[in-house]
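Hi everyone, thanks for coming. Let me put the structure up on the screen so that we can walk through it together.

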Amino acid sequence: MRALNKIVLASQNPHKFLEFKALFAQFPQVELLSLEGLIRNAGKIDAVETHESYAENALAKARIANRACHFPCLADDSGLEVPSLGGRPGVRTRRYATPKAGQSQDAANIEKLRQRYPDGFSSEASRNRSE
């Protein structure tokens, strides 16, 4: 039987882990665990982000992680929504552009947006959204 005071964050993002660790600091009886070392192929957890909403993507990641490690799991999903682009790339931020070798996902997304909208758009109007 697994300890009830352990929760796994279904994310490979080390910054998100630190954010969640800070949120859970007020609950010292709860230990937040990372996927690393708990499940095989942990790096592929984000591959389940194929749904139409942030909440569905987060739920899919938490369910996959739970099936693999049998601890209670939580996850989130986030994306960049640019109102002047009708909310794009939105929930598809991770799959919006294909990064070139050595390029981050964010840099690839920005490059694609600049190519698609050469006249620009207001970066002040963009926002990050997560669930």
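I'll go from the overall fold to the core, and then to one residue.

A quick word on the ground rules: this is a predicted model, where local features need pLDDT of at least 70 and side-chain atom pairs count only at pLDDT 80 or more, while totals for chains, interfaces and linings use all residues. Numbering runs from 1 along each chain as its sequence is written, and side-chain values use heavy atoms, with hydrogens and water left out.

So, the fold. We have four helices and six strands in the protein chain, where helices (H or I, at least four residues) and strands (E, at least two) are DSSP runs numbered from the N terminus. Along the sequence they come as β-α-β-α-β-β-β-α-α-β. Taking contacts (heavy atoms within 4.5 Å) with a separation of 6 or more, 58% join residues 24 or more positions apart.

How much of the chain is buried? Of its 131 residues, 34% are, with buried meaning under 20% relative accessible area, using a 1.4 Å probe and protein chains only.

Now the inside. The largest nonpolar core (buried Ala, Val, Leu, Ile, Met, Phe, Trp, Tyr and Cys residues joined through side-chain atoms within 4.5 Å) has 14 residues, and V8, L35, A65, C69 and C73 have the most contacts inside it. Helix α2, residues 54-69, gives the most to this core, with four residues.

Last stop: N109, in helix α4, residues 105-116. N109 counts as buried because its relative accessibility is 3%. Beyond its neighbours within four places in sequence, N109 touches T93, Y96 and A97.

Technical notes. Buried means under 20% relative accessible area, exposed over 50%, partly exposed in between (1.4 Å probe, protein chains only).
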